[in-house]
Amino acid sequence: SEVGRQPFAKPATCRFGGRSDYCDIEGDVRVDPGSATVYQVLHPTSSDFIAKSTAAMTNYQNNNNDITSPPPAVKPYPRNGDEAAMGQIREWTVKMVPADHQDLPLCSSRRVHHDDSSPALLFSLGAYFGNYFHAFTDVLVSLFVTARPFDRGLHLLVTDGHHLQVAKFATMWQALSRYEVIDIDKVQPDGKAHCFSRVILGLKGRDGKELSINTSETQYTMKDFKHFLRSAYSLNKTAAIKLQTEDDKTTTLVPRLLIISREKTRTFTNTEEIVTMARELGYQVTVTELDSNVSRSARLANRADVMMGIHGAGLTNMVFLPEDAVVIQVVPFAVDWFATNYFGEPSKGMEVRYLEYKIEREESSLVKQYPPDDVVFTDPSSFRWEEFSPIYMLNQNVTLNVTRFRPVLLEALELLHQ
């Protein structure tokens with residue numbers, strides 16, 4: 001028998017606007033991969049609802065507020081307002097149709113796990129998801145907020161998802177769902193729909209801030225997200241070491257410093273000099289590039305008491321740091337706004353201590369590329385992003401002045417005493 005043919009439960013509830021669109025649709029719900037359509041089947045007893053939903057749709061179009069009828073279409077990637085990103089996202093149309101509608105797809109007989117009452121969550125892994133930072137700030141944090149209340153009892157339907165990106169975060173999917181991830185863009189051999197008793201289209205919990213949770217929409221916080229990651233990736237270290245005072249010689253604790261290296265851009269050009277200085281201060285130092293192996297990156301970050309790196313996606317791994325660890329962001333020339341908003345402000349909600357080191361002009365490789373009075377130095381804000389990124393993001397490396405930077409590592413040690 002077909003699954004999904006359940007009595008109509010209630011009108012869909014949608015929120016449209018802000019950074020993300022979100023619809024919660026119950027009853028007889030059918031997801032058709034071929035047409036990118038989510039059908040909500042209205043049975044004969046739903047005639048009163050049909051009239052109400054028409055009025056609700058008018059209210060949506062006029063006021064763009066919370067309504068009890070879905071918007072015409074949803075792009076389930078929480079970055080509304082970013083045209084470059086949203087232009088890459090598949091649009092899913094929500095249609096309310098009667099049970100005898102000629103275009104209504106049948107439910108597939110090839111389903112394995114759909115024959116239970118578990119809901120489904122449809123979301124996108126497109127746009128910037130291939131970037132480690134954006135994977136977390138755009139999708140994974142909001143996915144946690146949306147999926148966690150179901151205690152692994154929901155199906156994850158992925159659109160725009162490259163198989164390598166799906167595999168990369170396999171641990172996350174398994175921690176959020178007991179079912180295998182479904183590539184909802186893949187048309188089934190029988191051409192039929194995936195059917196559920198409830199489908200959530202889009203993610204919630206996202207606001208205009210990066211690596212943060214909109215607590216007006218949920219009870220969860222970034223601390224909860226960190227604790228979830230610690231459990232999902234089996235991370236054993238819950239807190240950074242607390243260094244002893246000079247009067248207490250009973251134990252000898254060595255703080256672990258993780259230096260994030262980068263290969264292509266915004267790299268340290270004098271890493272060995274930095275390592276030597278850090279070891280002289282008493283640190284046990286590890287230098288590595290935190291790559292696409294998320295489990296490895298999580299373990300390395302979780303072992304650290306202090307993590308430092310030049311502004312870049314690698315600093316996203318502060319989500320795996322133990323409580324009271326110290327994160328040091330080295331800010332390249334003219335990258336202040338990004339440093340503050342991508343990592344500085346978000347760190348406040350993550351149970352870590354944040355330190356920042358803004359390089360001087362002489363520490364930037366740009367001094368070898370442009371004269372001192374060039375607009376690159378005198379007015380960086382005059383550049384559009386298309387011009388700014390190649391100069392400051394893609395072609396700037398750092399030769400750290402270890403004498404000037406030394407007090408920052410000393411301050412980190414002081415914080416580990418507190």
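This is a short walk through the strands, one helix and some charged pairs in a predicted model.

Okay, let's start in the sheet, with strand E6, residues 120-124. How many of its five residues are buried? Five of the five, so to speak the full set. If you look at the two faces, Ala120, Leu122 and Ser124 sit on one side, Leu121 and Phe123 sit on the other, and all of them are buried. So that's a strand with both faces covered.

Who are the neighbours of E6? On one hand there's strand E7, residues 155-159, which runs parallel to E6 and is joined to it by five bridges. If you want one pair to click on, take Ser124, whose bridge partner in E7 is Thr159. On the other hand there's E9, also parallel to E6, with three bridges between them. Here you can pick Ala120, which has Val199 as its bridge partner in E9, or Leu122, which stands opposite Leu201.

Now stay on E9 for a moment, residues 194-201. E9 is mostly covered too, with seven of its eight residues buried. Which way does strand E2 pair with E9, parallel or antiparallel? Antiparallel: E2, residues 22-32, and E9 share seven bridges in that sense. One of the pairs there is Arg30 with Cys195 in E9. So E9 has a parallel pairing with E6 and an antiparallel one with E2.

Next, helix H3, residues 132-147. Two things to show you. There's a kink of about 35°, centred on Val139. And 16 of the 16 residues of H3 are buried, so the helix is largely enclosed by the rest of the structure. While you're zoomed in, go to the start of H3: a side-chain oxygen of Asn131 comes to within 2.9 Å of the backbone nitrogen of Phe133.

Okay, over to Met307, in strand E12, residues 306-310. Met307 has 0% relative accessibility, so it counts as buried; the cut-off for that is under 20%. What does Met307 touch? Leaving out residues up to four places away in sequence, the contacts are Leu258, Ile260, Ala301, Leu315, Asn317, Met318, Leu321, Val326, Val327 and Ile328. Take Leu321 from that list: Met307 and Leu321 are 14 residues apart in sequence, and their C-alpha atoms are 8.2 Å apart in space.

Now one for the people who like charges. Glu351 is in the loop between helix H9, 336-344, and strand E14, 353-358. Glu351 is buried and has no salt bridge. Why doesn't Lys223 count as a salt-bridge partner for Glu351? Because Lys223, the nearest side chain of opposite charge, is 4.5 Å away, and the cut-off is 4 Å. What Glu351 does have is a polar contact of 3.4 Å with the side chain of His227. Setting aside residues up to four places away in sequence, Glu351 touches Lys223, His227, Pro322, Glu323, Asp324 and Ala325.

And that takes us to the salt bridges that are there. The structure holds 17 of them, and I'll show you a few.

One of them is Lys358 with Asp336, 3.4 Å from N to O. That pair links distant parts of the chain, Lys358 in E14 and Asp336 in H9, 22 residues apart. Lys358 is partly exposed, with a relative accessible area of 42%, and Asp336 is partly exposed as well, at 31%.

Then there's Arg404 with Glu363, at 2.9 Å, N to O. This pair links distant parts of the chain as well: Arg404 is in helix H12, residues 402-417, Glu363 is in the loop between E14 and helix H10, 375-378, and they're 41 residues apart. Are the two partners buried or exposed? Arg404 is partly exposed, at 31% relative accessibility, whereas Glu363 is buried, at 4%.

Another one to look at is Glu387 with Arg384, where the closest N and O atoms are 3.6 Å apart. Glu387 is partly exposed at 32%, and Arg384 is exposed at 54%. Separately, there's a network: salt bridges that share partners join Arg79, Asp82, Asp138, Arg206 and Glu210.

That's my tour, thanks.

Key: Residues are numbered from 1 along each chain as its sequence is written. This is a predicted model: local features need pLDDT of at least 70, side-chain atom pairs count only at pLDDT 80 or more; totals for chains, interfaces and linings use all residues. Side-chain values use heavy atoms; hydrogens and water are left out. Helices (H or I, at least four residues) and strands (E, at least two) are DSSP runs, numbered from the N terminus. Buried means under 20% relative accessible area, exposed over 50%, partly exposed in between (1.4 Å probe, protein chains only). Contact means heavy atoms within 4.5 Å. Two strands pair if DSSP finds at least two bridges between them. Lys and Arg count as positive and Asp and Glu as negative; His and the chain ends are not counted. A polar contact is a pair of N or O atoms within 3.5 Å; within protein, one must be able to donate a hydrogen and the other to accept it, and residues adjacent in sequence count only if both atoms are side-chain atoms. The bend at a residue is the angle between axes fitted to the seven residues ending there and the seven starting there.
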